Amino acid sequence: QQANVRLFTVFTDTSEKPKSMAAAQRSTKARDAVLSILPFLPAGFLLVDLLDNPVPIVRSWLTYALSGEWVGISLERSAIEEVDAPPVGSQLLAYVIVASLGYLATSSLVPKIKVYTLRKGICGKDLGKRGSSIADKDVPEALGIVPGAIFLICLILCLVGYATSHPTKLLDCNSALLSICFMLFLGFTDDVLDWPWRYKLFLPSVASLPLLCCYNGSTSIVVPIQMRPLLMKGGELTVLAKVAQHFVTVDENADGGIVNLGLVYLIYMGMLAVFCTNAINIYAGINGLEAGQSYVMGCAVLFHNLIEIRLGTASSENHLFSVMIMLSFISVTLALLRHNWYPASVFVGDTFCYFAGMTFAVVGILGHFSKTLLLFFIPQIINFIWSTPQLFRLVPCPRHRLPKFNSETGLMEPSTFPCRKDQYRWLKRGQDDAEVANMTVINVCLQIFGPMSERTLCIVLLGFQVLSCGFAFLLRYKFAQLIFDE
């Protein structure tokens, strides 16, 4: 009788185990879905407030469509003829609808397109799962081409209405499309052909030229109050200001408060495009991080744009242009993140990293908030600075610096490179160590908090991204008031 009880228990446990595992997976997916919504909540609440009541907007669209008035619009209308722009709420609702369609299209197309990439051999192994049962499984790569293509379609649909009501921004729209499309093409060819790094640094500069050629904003910067005595004292230029006058222009009428950088500012914006594309690319290596950080930064940029529109600043039109781009970008990125989240069924590849980086550069440059944009890149800036010795070969740099997977514990640990005991002591935790951790923020996180699962590691890093963006808003809207004039 006891044997029968034990046998019954065994059969009961084995039948219940798959159910419990499935329930645990559903619970984990539900928590991940909730976490994915959190970065969008601040922008979402402000977006709903600006939309006000969408019902009258939709009713006006239907009335206009059924009236047939649009049929008689003259095709000979001058391209520069001023047209009354629709209300902001109406434009935002149209962008939200297009972005929603972009999310659905990307989410459904990624599983279908990955079949073709596998068929053509555009795939790879997940190096973060060496020693596990799925280490040899082929994972489709370069799936960033799907959200990139859908994004371009969404942007073209938005531009049809935007360029009509904002004819003076038509040049900006075309230059944005050209730059993003160029980087999407470069990223996909890099995934297929594996370009050397010298091309990856040079080509983004070329892609930014359309943006710089049509840039018609200010090239001046406001000098912090505390630094103005370094440029002017007693109504006269200081020695430092006279030297700087060979390269820039110090506005004496503003008592040193404004400096026109001219060509230097354009060079800065070109370098911004190079930084944005490569900063996301080198801050990667675990499932969900590339798409996740882009999604968080996209939500932060959107929130900043909506704040400026809500305040009614002089640059509201530029921020509305940025909102149009960011809504579609956030939607396609979130859809890609669903498939790239741990355990990833697809890899985003350099295609997505370059596409995302150039998209941020486009909104920063054409939206005229390139300096604020850098505040949202704090983790990427820290990662770049800390990685500099390895990137410039001052310290040995392996081809892959992603953390290593411990098959015994199932946790991620810092990856290392070998060295002699007397080498790189400034990087070692123990003076007699024969290996040094690779210099990335990901490895620093593992050194500080200890080994953790890949999913937990990605959540911690994205949490750091969220906190950094929150700190950026504190600097932009609170600390800035202490060092700049009202």
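# A guided tour of selected sites

Asp-255 is found in the loop between strand S6 (249–250) and strand S7 (258–260). Select this residue to begin, bearing in mind that the model is predicted. Although Asp-255 is not a glycine, its phi is positive, at about 55°. Its relative accessibility is 47%, so Asp-255 counts as partly exposed.

**Second stop: Asp-194**

Next, select Asp-194, in the loop that runs between helix H6 (170–193) and H7. Here too phi is positive in a residue other than glycine, with a value near 60°. The relative accessible area of Asp-194 is 43%, which means that the residue is partly exposed.

**Third stop: helices H7 and H10**

From Asp-194, proceed to helix H7 (residues 197–207) and display it together with helix H10 (residues 263–282). The two helices pack with their axes 7 Å apart and at an angle of about 140°. H7 and H10 are therefore oblique to each other; roughly antiparallel would require an angle over 145 degrees. The crossing in which H7 passes H10 is right-handed.

**Fourth stop: helix H5**

Now select residues 145–165, which form helix H5. This helix has 21 residues, and the distance from its first C-alpha to its last is 30 Å, close to the 30 Å expected at 1.5 Å a residue. Where should the view be centred to inspect the bend in H5? Centre it on Leu-159, at which H5 bends by about 35°.

**Fifth stop: the cis peptide bond**

Select Tyr-342 and Pro-343, which are joined by a cis peptide bond with omega of about -10°. Pro-343 is placed in the loop between helix H12 (316–340) and helix H13 (349–366).

**Sixth stop: salt bridges**

The remaining selections concern salt bridges, of which the structure holds eight. Begin with Arg-310 and Asp-49, whose closest N and O atoms are 2.7 Å apart in a salt bridge. Because Arg-310 lies in helix H11 (residues 289–311) and Asp-49 in helix H2 (residues 41–51), this pair ties together parts that are 261 residues apart in sequence. Arg-310 counts as partly exposed at 46% relative accessibility, and Asp-49 counts as partly exposed at 39%.

Move next to Asp-172 and Lys-169, which form a salt bridge with their closest N and O atoms 3.0 Å apart. Are these two residues buried or exposed? Asp-172 counts as buried, at 5% relative accessibility, and Lys-169 is buried as well, with a relative accessible area of 6%. The cut-off for buried is under 20% relative accessible area.

Then select Glu-308 and Arg-476, whose side chains meet in a salt bridge at 3.7 Å, N to O. Glu-308 lies in helix H11 and Arg-476 in helix H17 (residues 454–483), so the pair ties together parts that are 168 residues apart in sequence. Glu-308 is buried, with a relative accessible area of 5%, whereas Arg-476 counts as partly exposed at 28% relative accessibility.

For the final selection, display Asp-126, Lys-129 and Glu-454, which salt bridges with shared partners join into one network.

Definitions and conventions. Residues numbered from 1 in each chain as written. Predicted model: local features only at pLDDT ≥ 70, side-chain atom pairs only at ≥ 80, totals over all residues. Heavy atoms only, no water. Salt bridge = Lys/Arg side-chain N within 4 Å of Asp/Glu carboxyl O. Helix = DSSP H or I, 4+ residues; strand = E, 2+ residues; numbered from the N terminus. Buried < 20%, exposed > 50% of the residue type's maximum accessible area, 1.4 Å probe, protein only. Expected span 1.5 Å × (residues − 1). Bend = angle between axes of the 7 residues up to and from the residue. Axes fitted to C-alpha atoms, helices over the stretch in contact; angles between N-to-C directions. Parallel < 35°, antiparallel > 145°, perpendicular 65-115°, else oblique. Left-handed = near helix turned anticlockwise from the far one by under 90°.
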